[in-house]
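This report is written for a reader meeting the structure for the first time. Please look over the sequence and the model before going on.

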Amino acid sequence: MIIFYLAVNFISCGEDSTTGITNPPEPVDSSQFYYPKKPDSRWNYTRTQTVENIRPDSITHYFTNYPLTSSGYIKILYDTLIAGETLKVFLEEFTDSSSTITSRHYYKMDTVTMVSFAYRGVGGTTMPFKPVFSGASINFERNGIDMWQFIYGSRGADDSLIFEEDRPIVLKYPIVTGKEWIFRALGSTVFTKKYTGFENIHIDTAVYACMKVQRTLSNQSNYILYDYVSKYGQVKRDYLFKNSQVTNMLGQTIGYVDYRDVVLVTSISGIE
């Protein structure tokens, strides 16, 4: 949908012109906060996958069913003790057109950091931590057209508990603009996060003051990755993967697309 905005200045006798006057910027709450960790906190969300800038036109027919839409929820269950660490257990159920996938993620949460400690389940998790890898490509004949398994990596093959060996630092406190850190390193790839500034995110009638968190990969300039985190938890994820390679069954490149994956929280409950 395209919306056109028409600005009209009304001038009458004896009144000053309003030309150039704009509404003041919406205030943004930039106070410090911690990620919620109360049991039964829940985030319902929708996920929308789109493709843009398809080239050449001859591969457009592969994307006739886009955008892909799905939904799910994330819920904090309880505390558990693993390897001597007290961890918060996040449950996620993700539903698309064909199946429902359940997974769990285990976070160590204190006043200094929020660390991804372990996970179980074939689906991985959506928020607040989603692993991203470089060198993704799409092979339609062999693997279908859902790109998540190539960009986000394969998760567990069953319900076994898998430890994050490098303990990714998902969030670092205090949450203040300009803070930057290396949150994980895999081989030659260094993953960096940075708090770029607070923004208001509007969801229906609610307004969430969020820190915009940028993620970068040292060897990948085509990924534009942002997470939006508030005192009510993460409310948005916007990942754009530019120049994603499309290959045929023989592994030959047949084109490129820009792939966007957006997760937006639709409702929140149980937060203190």
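## Elements and overall make-up

Helices and strands are taken here as DSSP runs, where a helix has at least four residues and a strand at least two, and they are numbered from the N terminus. The model is predicted.

The protein chain holds two helices and 14 strands. Of its 272 residues, 42% are buried. Among contacts with a separation of 6 or more, 55% are between residues 24 or more positions apart. The area exposed by the protein chain is about 14,300 Å², and 52% of that area comes from carbon and sulfur atoms.

## Backbone around β1

Two residues in this part of the chain have a positive phi without being glycine. Asp 40 has a phi of about 75° and sits in the segment before β1. Its relative accessible area is 47%, so Asp 40 is partly exposed. For Asn 53 the phi is about 50°, and this residue belongs to strand β1. Asn 53 is also partly exposed, because its relative accessible area is 46% and the partly exposed class runs between 20% and 50%.

A cis peptide bond links Arg 55 to Pro 56, with omega near -5°. Pro 56 is placed in the loop between β1 (42-55) and β2 (68-82).

## A second cis bond

The peptide bond from Tyr 173 to Pro 174 is cis as well, and its omega is near -5°. Where does Pro 174 lie? Pro 174 is in the loop between β8 and β9, the latter covering residues 180-186.

## Arg 184 in β9

Strand β9 contains Arg 184. Is Arg 184 buried or exposed? With a relative accessible area of 7%, Arg 184 falls under the 20% limit and is therefore buried.

The side chain of Arg 184 makes a polar contact of 2.8 Å with the side chain of Asp 166. Leaving aside residues up to four places away in sequence, Arg 184 touches Phe 129, Pro 131, Glu 164, Asp 166, Pro 168, Thr 189, Val 190 and Phe 191. Asp 166 thus appears both as the polar partner and in this list of touching residues.

## Asn 243 in β13

Asn 243 is part of strand β13, which spans residues 233-247. Its relative accessibility is 35%, so Asn 243 counts as partly exposed.

In sequence, Asn 243 and Val 257 are 14 residues apart, while their C-alpha atoms are 5.4 Å apart in space. Val 257 is also one of the residues that Asn 243 touches, and the others are Arg 55, Asn 222, Tyr 256 and Asp 258, with residues up to four places away in sequence not counted. Arg 55, in this list, is the residue at the start of the cis bond to Pro 56.

## The cavity

How many cavities of 30 Å³ or more are there? The count is one. The largest cavity has a volume of about 40 Å³. Elements that give two or more residues to its lining are β8 (169-172) and β12 (220-230).

The residues lining the largest cavity are Pro 128, Val 170, Leu 171, Lys 193, Val 213, Asp 227, Val 229 and Gln 234. Sorted by class, the lining has five nonpolar residues, one polar residue and two charged residues.

Terms used: Residues numbered from 1 in each chain as written. Predicted model: local features only at pLDDT ≥ 70, side-chain atom pairs only at ≥ 80, totals over all residues. Heavy atoms only, no water. 1 Å grid on protein atoms, 1.4 Å probe; cavity = no way out; pocket = protein on both sides within 12 Å on 5 of 7 lines; lining within 4 Å. Points joined across faces, edges and corners; volume = space filled by probe spheres on them. Nonpolar A, V, L, I, M, F, W, Y, C, P; charged D, E, K, R; others polar. Buried < 20%, exposed > 50% of the residue type's maximum accessible area, 1.4 Å probe, protein only. Polar contact = N/O pair within 3.5 Å; in protein donor to acceptor, adjacent residues only side chain to side chain. Contact = heavy atoms within 4.5 Å. Areas by Shrake-Rupley, 256 points an atom, 1.4 Å probe, with all protein chains shown as cover.
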